[in-house]
Amino acid sequence: MGCVVNFTSLLLQCPKCLNALLILLLPFRQLAMFNEFGVDGGPAAKELAPKLNLAKKHLSSQFHVNFPDIEVRQLVLTAIAMKGLGAILFVFGNGFGAFLLIMYLLVSTPLLHDFYNYGPDEPGYNILLGDFLQCVAQCGALIFFWGMKNSITKRRKKKAPKSKTA
């Protein structure tokens, strides 16, 4: 059965084509969301600023060090760049892409999913804890991928070509 160009019939008759279309259009959705970045960093910066300040205060009190002011807009831009470049490289099987995504998750997970600032009976606790654990699982999967990628490369280097004798 061939695929039909009409989007409605495509949706009804060929769900595999629809999934492929949605996957291809996903980067354009991300670019549309980038327009909200604006001068101040957009909604992501507004949500991240209080969490970043709370983390800085906590780390300053624990380590007795004054941390410099971090521009939230630049932090959001760096996160977008790391996530985008890491995802593109990871899709093509590059280990450096997995490394970028691991670094992104290690920095962003404790800041964005701060379940530890809530009590177990508060409504946001379960959602934040679930998201936190999901990011930890993603980080573990990326570490596994990175380790397998490196072990395969080392294994190929160790094998020497056999010489043929007549």
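## A guided tour, beginning at C135

C135 is buried, with a relative accessible area of 13%. Select this residue to open the tour; the model in the viewer is a predicted one.

**Cysteines.** Add C139 to the selection. C139 is likewise buried, at a relative accessible area of 10%. What is the distance from the sulfur of C135 to the nearest cysteine sulfur? That sulfur belongs to C139 and lies 9.0 Å away, and C135 takes part in no disulfide. Because a disulfide requires two cysteine sulfur atoms within 2.5 Å, a separation of 9.0 Å leaves C139 in no disulfide either. A search extended to the whole structure returns zero disulfides.

**The largest nonpolar core.** Keep both cysteines displayed and add A98, L101, I102, Y104, L105 and L142. Together with C135 and C139, these residues form the largest nonpolar core, which has eight residues. In soluble globular proteins, nonpolar side chains tend to be buried together. Which elements give two or more residues to this core? They are α5 and α6, and α5 gives the most, with five residues. In the viewer, α5 covers residues 95-112 and α6 covers residues 123-158.

Centre next on L105. Leaving aside residues up to four places away in sequence, L105 touches P110, C135, Q138, C139 and L142. Apart from this core lies another, of six residues; L48, V72, V76 and L111 are among them.

**The loop between α5 and α6.** Move to H113, which is found in the loop between α5 and α6. Is H113 buried or exposed? H113 is buried, with a relative accessible area of 16%. With residues up to four places away in sequence not counted, its contacts are S108, L128, D131, F132 and C135. The last of these returns the view to the residue where the tour began, C135, itself buried.

**Aromatic pairs.** The structure holds six aromatic pairs. Select F115 and Y125 to inspect one of them: the ring centres are 6.1 Å apart and the planes stand at 70°, so the pair is edge-to-face. F115 lies in the loop between α5 and α6, whereas Y125 lies in helix α6, so the pair ties together parts that are 10 residues apart in sequence. Both F115 and Y125 are buried. Add Y116 and F132 to see the wider arrangement, in which ring pairs link F115, Y116, Y125 and F132 into a cluster. F132 is also one of the residues that H113 touches.

**An exposed residue, H64.** Turn now to the loop between α3 (42-63) and α4 (72-91), where H64 is found. H64 is exposed, with a relative accessible area of 71%. Its phi is near 55°, a positive value in a residue other than glycine.

**Confidence.** Finally, colour the model by pLDDT. The protein averages 78, and 71% of the residues score at least 70. Where is confidence lowest, and where is it highest? The lowest value is in helix α1 (residues 7-13), at a mean of 49, and the highest is in α5, at 91. Two stretches deserve separate selections. Over residues 1-8 the pLDDT is below 50, and beyond near neighbours in sequence this stretch has nine contacts in the model. Over residues 28-34 the pLDDT is also below 50, and on the same basis that stretch has two contacts.

Methods
Residues numbered from 1 in each chain as written. Predicted model: local features only at pLDDT ≥ 70, side-chain atom pairs only at ≥ 80, totals over all residues. Heavy atoms only, no water. Phe/Tyr/Trp six-rings, centres within 6.5 Å; stacked < 30°, edge-to-face > 60°. Helix = DSSP H or I, 4+ residues; strand = E, 2+ residues; numbered from the N terminus. Buried < 20%, exposed > 50% of the residue type's maximum accessible area, 1.4 Å probe, protein only. pLDDT = per-residue confidence, 0-100. Contact = heavy atoms within 4.5 Å. Core = buried A, V, L, I, M, F, W, Y, C linked by side-chain atoms within 4.5 Å.
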